[in-house]
Amino acid sequence: MAVQTIGVVGAGTMGRGIAQAFAQNGFSVVFYARREAGVREGYDYIVSILASLVKKGKLTEEKRNETLDRIRITTNLEDLKDVDLIVESVAETLSVKQEMMRKLEGICRKDTVFATNTSSISISAIASSIAAPERVCGMHFFYPPAMMPVIEIAVARKTAPETVRTVQDIVTSIHKTAIEVQEAPGFVFNRLVIPQINEAAYLLMEGVATRENIDSMLKLAASYPIGPLALGDIIGLDVCLSIMEVLQKELGEDKYRPCPLLRRMVYANELGRKTGKGFYEYDSRK
């Protein structure tokens with residue numbers, strides 16, 4: 001299937017970066033959010049990121065304008081009826097994703113491919129909400145989506161091979177590496193990395209080491225480019241907590257029990273970089 005137009009559903013941190021990644025690589029993008037303020041904020045963020053790239057000499061003014069011209073913002077789901085591929089990036093809640101999939105199936109063409117950017121929820125559970133689950137797969141981008149070179153392609157039990165090929169071809173066309181995995185709680189990346197962040201939070205809570213020393217240990221002894229606590233702040237501590245809850249529920253093992261400190265920080269809205277404070281403090285003006 002030749003994909004030319006892509007619908008991005010959700011204008012949050014991930015959705016806006018996904019829309020930028022596609023538009024910057026030549027695809028027409030229909031960028032949807034439920035609220036006008038939300039989709040406008042997402043678009044304005046893309047404008048600011050592209051302006052920064054131009055200022056740094058990493059993007060020409062002409063390419064910036066071409067990228068923005070490819071993005072059409074909307075709050076009307078009907079505007080997605082003719083897209084070739086949907087990338088859903090709404091709230092990381094099963095019921096919300098299922099409801100959105102049902103709405104999209106009723107609007108889009110019969111050959112439209114549906115990809116979900118979920119980082120931990122069962123693809124089969126999301127796909128079960130529509131009549132054609134074979135058209136659904138996971139397309140897990142990493143933050144920031146326009147820059148990270150890899151996308152995790154999660155294949156559910158009923159995902160059709162043609163669906164996987166279409167998504168893999170799209171990933172290649174935006175100059176990223178597609179890594180195919182079978183559906184499992186947390187897939188591969190989050191199953192490995194998020195528990196490590198959770199364990200680092202336990203070490204901090206128990207006073208075993210400072211945040212700096214915990215991060216430095218893995219950076220210096222294991223050649224990690226970034227420590228687990230700093231990485232948690234980038235991912236978002238609310239996202240980390242949500243994934244740990246999914247892992248504990250789906251796998252039923254105590255080793256996936258979320259750290260109480262992590263839970264308290266989320267309750268206090270200390271979510272990391274996006275709120276200016278997490279395990280570390282950040283200048284909200286940057």
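**View A. The surroundings of Thr116 in the predicted model**. Leaving aside its neighbours within four places in sequence, Thr116 is in contact with Glu88, Lys97, Met101, Ile123, Ile126, Cys137, Gly138, Met139 and His140. If you are looking for Thr116 along the chain, you will find it in strand β5 (residues 113-116). Thr116 has a relative accessible area of 0%, so it counts as buried, the limit for that label being under 20%. Its side chain makes a polar contact with the side chain of Glu88, at 2.5 Å. A polar atom of the Thr116 side chain also lies 3.2 Å from the backbone nitrogen of Thr118, and that residue is the subject of the next view.

**View B. Thr118, in the loop that follows β5**. Here we move into the loop between β5 and α5 (123-127), where Thr118 has its place. Thr118 is buried, with 0% relative accessibility. A polar atom of its side chain lies 3.0 Å from the backbone nitrogen of Ile121. Setting aside residues within four places in sequence, the contacts of Thr118 are Glu92, Lys97, Ile123, Ile126, His140 and Phe187. Lys97, Ile123, Ile126 and His140 are also among the contacts of Thr116.

**View C. Phe187, a contact of Thr118**. Phe187 is found in the loop between β8 (177-182) and α7 (189-205). It is a residue other than glycine with a positive phi, near 55°. Is Phe187 buried or exposed? With a relative accessible area of 5%, Phe187 is buried.

**View D. The second largest pocket**. This pocket holds about 200 Å³ of space. Its lining is made up of Glu92, Thr93, Leu94, Ser120, Ile121, Ser122, Ala125, Ser242, Glu245, Val246, Lys249 and Glu250. You may recognise Ile121, whose backbone nitrogen lies 3.0 Å from a polar atom of the Thr118 side chain, and Glu92, one of the contacts of Thr118. By residue type, the lining divides into 4 nonpolar, 4 polar and 4 charged. Which element gives the largest share of the lining? That is helix α10 (residues 237-251), with 5 residues. Both domain 1 (5-182) and domain 2 (192-274) supply at least three residues to the lining.

**View E. The two domains together**. The domain assignment of the protein gives domain 1 (5-182) and domain 2 (192-274). Their C-alpha centres lie 27 Å apart. Where the domains meet, 4 residues of domain 1 are in contact with 5 residues of domain 2.

**View F. Gly38 in helix α2**. Helix α2 spans residues 36-55, and Gly38 has its place there. Gly38 is buried, with a relative accessible area of 13%. Not counting residues up to four places away in sequence, Gly38 touches Ala11 and Ala33. For a sense of scale, Gly38 and Arg264 are 226 residues apart in sequence and 27 Å apart in space, C-alpha to C-alpha.

**View G. Two backbone details, at Pro144 and Asn269**. A cis peptide bond joins Tyr143 and Pro144, with omega at about -5°. Pro144 lies in the loop between β6 (136-140) and β7 (150-155). Asn269 is found in the segment after α11 (260-267). Phi of Asn269 is near 60°, a positive value in a residue other than glycine. Asn269 is partly exposed, at 47% relative accessible area.

Methods. Residues numbered from 1 in each chain as written. Predicted model: local features only at pLDDT ≥ 70, side-chain atom pairs only at ≥ 80, totals over all residues. Heavy atoms only, no water. 1 Å grid on protein atoms, 1.4 Å probe; cavity = no way out; pocket = protein on both sides within 12 Å on 5 of 7 lines; lining within 4 Å. Points joined across faces, edges and corners; volume = space filled by probe spheres on them. Helix = DSSP H or I, 4+ residues; strand = E, 2+ residues; numbered from the N terminus. Nonpolar A, V, L, I, M, F, W, Y, C, P; charged D, E, K, R; others polar. Domains from an automatic or database assignment. Buried < 20%, exposed > 50% of the residue type's maximum accessible area, 1.4 Å probe, protein only. Polar contact = N/O pair within 3.5 Å; in protein donor to acceptor, adjacent residues only side chain to side chain. Contact = heavy atoms within 4.5 Å.
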